Amino acid sequence: MRLFYAIEFDEKTKDVLAEKQKALREKAVKGNFSLRDNLHLTLRFMGEVPQSDLPVLTGIQDAVSKRHGPFSLEFAEIGTFERGNSCIVWVGIKRNSELFELQQDLEREIAKSGFQPETRPYKPHITLAREFVPDGDLDKIIREMGLLNHKFDVKSISLMESTRINGKLTYLCTYRTDISK
Ligand code: 2AM
């Protein structure tokens, strides 16, 4: 199973992101846009994991969830990662100590359970599009898209499975827990 821990979004938050995606689509020569239902914020990518590890992963999630309470997040800037002739377009998250502590706690528990630790720093982002080729100047397009003034509440975390259903990339929630401290 290809798994990752994530924060899922409410419908309003998906609407705000999908609206920006629409504006971006109009400025694209080409782009692979994330499906609305797949929009999420990754906390930790696990990669390919045998199904037999599921109880350990849900146990980690149970333990971590009990140590954190609900908090709010705010979108920050729109940014890009260059990938050769195209780029990834993402929305950032304003610095938030509660998110950071939750992510660090999860990382610690994962490493303690014998999984390969993540060595790269955590960069919270929501991918809007991959293989994006701008129709014009990329910096100008991103600038003109403006900011996303939106705040949303985080009340739970989810273990997600990345799979294909009838050829369509789909993220299925395998296990959801309230952050309930
Ligand atoms: P991305 O949007 O930056 O690609 C499901 O694929 C989620 O896991 C996505 O949020 C994706 O981040 C992330 N992901 C996929 N492969 C990854 C990797 N090798 N390292 C870290 N995160 C990854």
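**Exercise 1.** Work out which residue in E9 is the bridge partner of leucine 159.

*Solution.* Before you start: the model is predicted, with local features needing pLDDT of at least 70 and side-chain atom pairs pLDDT 80 or more, while totals for chains, interfaces and linings use all residues. Numbering runs from 1 along each chain as its sequence is written, and side-chain values use heavy atoms, with hydrogens and water left out.

Step 1: pick out the strands (DSSP runs of at least two residues, numbered from the N terminus). E8 covers residues 156–165 and E9 covers 168–178.
Step 2: check that they pair (at least two DSSP bridges). Here 10 bridges join E8 to E9, and the strands run antiparallel.
Step 3: read across from leucine 159 and you land on tyrosine 175.
Step 4: look at the turn. The hairpin leaves two residues between E8 and E9, and asparagine 166 in the turn has a positive phi of about 50°.

**Exercise 2.** Describe what surrounds the ligand, and which side chains put an N or O atom by its own polar atoms.

*Solution.* Step 1: collect the shell (a heavy atom within 4 Å). You get Arg2, Phe4, His40, Thr42, Phe45, Arg120, His125, Thr127, Arg130 and Tyr171.
Step 2: sort by class. Three are nonpolar, four polar and three charged.
Step 3: map onto strands. E1 (2–8), E3 (40–48) and E6 (125–134) each give at least two shell residues.
Step 4: list polar contacts (N or O pairs within 3.5 Å). Ligand oxygen reaches the threonine 42 side chain at 2.5 Å, ligand nitrogen that of arginine 120 at 2.8 Å, and ligand oxygen that of arginine 130 at 2.7 Å.
Step 5: get the burial (Shrake-Rupley, 1.4 Å probe). Alone, the ligand exposes 470 Å², and the protein buries 71% of that.

How values were computed: A polar contact is a pair of N or O atoms within 3.5 Å; within protein, one must be able to donate a hydrogen and the other to accept it, and residues adjacent in sequence count only if both atoms are side-chain atoms. Helices (H or I, at least four residues) and strands (E, at least two) are DSSP runs, numbered from the N terminus. Ala, Val, Leu, Ile, Met, Phe, Trp, Tyr, Cys and Pro count as nonpolar, Asp, Glu, Lys and Arg as charged, and the others, Gly among them, as polar.
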